[in-house]
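The following questions and answers are meant for a reader meeting this structure for the first time. Please look at the sequence and the structure before reading on.

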Amino acid sequence: MQSQKLSISLSPSLVRFIESYRVAKGCKSRSQVIEEALTLLQERELEEAYREASQEIDPDWELTVADGLADETW
């Protein structure tokens, strides 16, 4: 994976947390810690999008579900 360098500013307490987490979890770098955190944030956003999508009612799906096949057929 190609990486890009990014400069960010964080509070001292967040920097301490990142360094503490890096040491405790055996991460190779602070960048790895931040990458893991951003991946979790990305997953959370995706889960929310799926949750919202599942709330939508699709009349075509309702017709498919009620096509007359019993559960045992599956």
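Q: Which residue forms a salt bridge with Glu48?
A: In this predicted model, the closest N and O atoms of the pair are 3.4 Å apart. A salt bridge requires a side-chain nitrogen of Lys or Arg within 4 Å of a carboxyl oxygen of Asp or Glu, so a pair at 3.4 Å qualifies. The partner of Glu48 is Arg51.

Q: In which helix do Glu48 and Arg51 both lie?
A: The two residues are 3 residues apart, about one turn of the helix. The loop that holds Cys27 is followed by a helix that spans residues 30–55. Glu48 and Arg51 both lie in helix H2.

Q: Is Arg51 buried, partly exposed or exposed?
A: The relative accessible area of Arg51 is 45%. Buried means under 20% and exposed means over 50%, so a value of 45% falls in between. Arg51 is therefore partly exposed.

Q: What is the relative accessible area of Glu48?
A: Glu48 is the salt-bridge partner of Arg51. Glu48 is partly exposed, a class that lies between the buried limit of 20% and the exposed limit of 50%. The relative accessible area of Glu48 is 33%.

Q: Which residues are linked with Glu19 in a network of salt bridges?
A: One salt bridge joins Glu19 to Arg22, with the closest N and O atoms 2.5 Å apart. In another, the side chains of Glu19 and Arg30 meet at 3.0 Å, N to O. The residues linked with Glu19 in the network are Arg22 and Arg30.

Q: How many residues apart are Arg30 and Glu19?
A: The side chains of Arg30 and Glu19 meet in a salt bridge. The pair links distant parts of the chain, with Arg30 in helix H2 and Glu19 in helix H1. By contrast, Arg22 and Glu19 both lie in helix H1, 3 residues apart. Arg30 and Glu19 are 11 residues apart.

Q: What is the relative accessibility of Arg30?
A: Within the network of Glu19, Arg22 and Arg30, Arg22 is partly exposed at 22% and Glu19 is partly exposed at 24%. Arg30 also counts as partly exposed. The relative accessibility of Arg30 is 44%.

Q: Is Cys27 buried or exposed?
A: Cys27 lies in the loop between H1 and helix H2. Leaving aside its neighbours within four places in sequence, Cys27 is in contact with Tyr21, Arg22, Gln32, Val33 and Glu36. Its relative accessible area is 7%, and because buried means under 20%, Cys27 is buried.

Q: Which residues make the nonpolar surface patch of about 390 Å²?
A: One member, Ile8, is found in the segment before helix H1. Patch residues must have over 30% relative accessible area, so Ile8 at 46% meets that requirement. The patch is made by Leu6, Ile8, Leu10 and Leu14.

Q: How many helices does the protein have?
A: The protein has 0 strands. From the N terminus on, its elements run α-α-α. The number of helices is 3.

Q: What share of the residues counts as buried?
A: The protein has 74 residues, and its accessible surface comes to about 7,300 Å², of which 55% belongs to carbon and sulfur atoms. Cys27 is one of the buried residues. The share that counts as buried is 4%.

How values were computed. Residues are numbered from 1 along each chain as its sequence is written. This is a predicted model: local features need pLDDT of at least 70, side-chain atom pairs count only at pLDDT 80 or more; totals for chains, interfaces and linings use all residues. Side-chain values use heavy atoms; hydrogens and water are left out. Patches are made of residues with over 30% relative accessible area and no salt bridge: like charges are joined within 9 Å, nonpolar side chains (Val, Leu, Ile, Met, Phe, Trp, Tyr) within 5 Å. Accessible areas come from the Shrake-Rupley method with a 1.4 Å probe; for residues, only the protein chains shown count as cover. Helices (H or I, at least four residues) and strands (E, at least two) are DSSP runs, numbered from the N terminus. Buried means under 20% relative accessible area, exposed over 50%, partly exposed in between (1.4 Å probe, protein chains only). Contact means heavy atoms within 4.5 Å.
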